[in-house]
Amino acid sequence: MMTPLLFNLNNKMVLVVGGGQVAHRRIRTLLKNGAQVVCVSPAISENLCNIKEARLTLIHENYGKEQLTNIDLVIAATNSRALNRQIKTDCQSQKIWCNRVDDPDDSDFIFPSVIRRGDLTLSVCTEGASPFLTKKIVADLAAEYDESYAERTALLRVLRKKLFAGTASKEENTEKLKALSLCSVTELRKKLAEIESSVTDDEATIDELEKN
Ligand SMILES: C[C@@]1(CC(=O)O)C2=NC(=C\c3[nH]c(c(CCC(=O)O)c3CC(=O)O)Cc3[nH]c(c(CC(=O)O)c3CCC(=O)O)/C=C3\N/C(=C\2)[C@@H](CCC(=O)O)[C@]3(C)CC(=O)O)/[C@H]1CCC(=O)O
Ligand SMILES: NC(=O)c1ccc[n+]([C@@H]2O[C@H](COP(=O)([O-])OP(=O)(O)OC[C@H]3O[C@@H](n4cnc5c(N)ncnc54)[C@H](O)[C@@H]3O)[C@@H](O)[C@H]2O)c1
């Protein structure tokens, strides 16, 4: 059984071995999430060659153990099971975490399918049992948790911060936060506008008092 974690890939050095379809998918995900990527493969797909991104380095060579120097994570994405197994073994001896795209059981981590709505992340995985089931569930969830959830999450973040900055007790805040999480985007916008205008009123009152 795998453990779901949210991992900060900013500035991590990731070696992707292989330059085919699966490598391309992994590299797009890695770049989107801030990683530095080195891709090593004798053949590199046109899709990959067309990516214009300073954080991606393409090396037209066969895999070699020396390429693991200064690498944080490795994706073994070649079409050879024997080579992917060798890469995993090399990583293990250097304590580098490795994803084998052909064998979840022999991987230190695997890639779920992800839906992003601003700061809301939904992640689905069957640990290799059925990637097609994953796709179906993701399509269902994407329809239910639509783009409006990005604003909903952003509004909740601001309201939460404002509540914590206020003088209410911890218990009161917990109750309010629970209720807010069930509000629609329209209700949340309204609540934020109310809080902001009352803050402005308070500030105006303080200004008045200071003047007198
Ligand atoms: C979620 C997604 C993310 C992504 O890849 O970006 C993903 N696979 C996707 C699609 C997909 N993959 C495959 C098919 C063909 C149908 C089929 O074979 O069933 C399709 C469908 C398609 O392509 O449409 C084949 C396949 N996949 C794996 C193996 C090896 C094995 O199981 O041993 C084989 C057999 C290879 C062979 O035949 O040799 C293994 C893995 N695939 C994973 C992730 C990890 C577990 C995720 C999970 O189980 O939920 C894991 C364990 C490892 C990893 O992390 O790499 C992405 C959904 C894309 C989306 O959402 O659009
Ligand atoms: N995880 C998944 O979602 C998923 C999906 C489909 C397939 N797969 C598995 O992933 C493997 C790769 O799939 P693909 O569609 O990307 O295959 P592909 O044939 O498109 O790409 C394989 C790549 O490996 C490279 N390669 C071969 N020998 C190499 C070496 N010595 N050093 C470096 N690179 C080398 C090739 O040049 C090629 O770029 C498949 O064999 C399959 O087992 C996984």
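A residue counts as exposed when its relative accessible area is over 50%, as buried when that value is under 20%, and as partly exposed in between. With that in hand, let's walk through this structure, which is a predicted model.

**Two asparagines with positive phi**

Asn70 is a good place to use the definition. At 67% relative accessibility, Asn70 is exposed, because the cut-off for that class is over 50%. Asn70 sits in the loop between strand 3 (56-59) and strand 4 (73-76). Its backbone is worth a look too: the phi angle of Asn70 is near 65 degrees, a positive value in a residue other than glycine. As background, most residues other than glycine have a negative phi.

Asn11 also has a positive phi, near 65 degrees, and is again a residue other than glycine. You will find Asn11 in the segment before strand 1. With a relative accessible area of 58%, Asn11 is exposed.

**An aromatic pair across the chain**

Three aromatic pairs are present in the structure. One of them joins Phe7 and Trp97, with 6.4 Å from centre to centre and 40 degrees between the planes, so the pair is tilted rather than stacked (under 30 degrees) or edge-to-face (over 60). Distant parts of the chain are linked by this pair: Phe7 belongs to the segment before strand 1 (13-17), while Trp97 belongs to strand 5 (residues 97-100), and 90 residues separate them. How accessible are the partners? Phe7 is partly exposed at 46% relative accessibility, and Trp97 is partly exposed at 47%.

**Domains**

The protein chain is divided into domain 1, covering 13-111, and domain 2, covering 148-211. Between the C-alpha centres of domain 1 and domain 2 the distance is 45 Å.

**The surroundings of ligand 2**

Around ligand 2 there are 20 residues, and those that come nearest are Gly19, Val22, Arg25, Ala43 and Tyr63. By residue kind, the shell around ligand 2 has nine nonpolar, eight polar and three charged members. Which element gives the most to this shell? Helix 1 (residues 21-32) does, with four residues.

Backbone atoms take part in polar contacts here. A polar backbone atom of Gly19 is 3.0 Å from an oxygen atom of ligand 2, and one of Val22 is 2.9 Å from an oxygen atom of ligand 2. Val101 places a backbone N or O atom 3.2 Å from a nitrogen atom of ligand 2. Ligand 2 taken alone exposes 860 Å², and the protein buries 66% of that.

**The surroundings of ligand 1**

Ligand 1 has 17 residues around it, of which Arg26, Phe111, Thr126, Thr134 and Lys135 come nearest. Polar contacts with oxygen atoms of ligand 1 are set out below.

| Residue | Protein atom | Distance to an oxygen atom of ligand 1 |
|---|---|---|
| Phe111 | polar backbone atom | 2.6 Å |
| Ser113 | side-chain N or O atom | 2.8 Å |
| Thr134 | side-chain N or O atom | 2.5 Å |

Taken alone, ligand 1 exposes 1100 Å², of which the protein buries 66%. As a general note, the size of an interface is often given as the accessible area lost when the parts come together.

Terms used
Residues are numbered from 1 along each chain as its sequence is written. Chains are lettered from A and ligands numbered from 1 in the order in which they are written. This is a predicted model: local features need pLDDT of at least 70, side-chain atom pairs count only at pLDDT 80 or more; totals for chains, interfaces and linings use all residues. Side-chain values use heavy atoms; hydrogens and water are left out. Rings of Phe, Tyr and Trp (its six-membered ring) pair if their centres lie within 6.5 Å; planes under 30 degrees apart count as stacked, over 60 as edge-to-face and the rest as tilted. Buried means under 20% relative accessible area, exposed over 50%, partly exposed in between (1.4 Å probe, protein chains only). Domain bounds come from an automatic or database domain assignment. A residue is near a molecule or strand if one of its heavy atoms lies within 4 Å of it. A polar contact is a pair of N or O atoms within 3.5 Å; within protein, one must be able to donate a hydrogen and the other to accept it, and residues adjacent in sequence count only if both atoms are side-chain atoms. Accessible areas come from the Shrake-Rupley method with a 1.4 Å probe; for residues, only the protein chains shown count as cover. Ala, Val, Leu, Ile, Met, Phe, Trp, Tyr, Cys and Pro count as nonpolar, Asp, Glu, Lys and Arg as charged, and the others, Gly among them, as polar.
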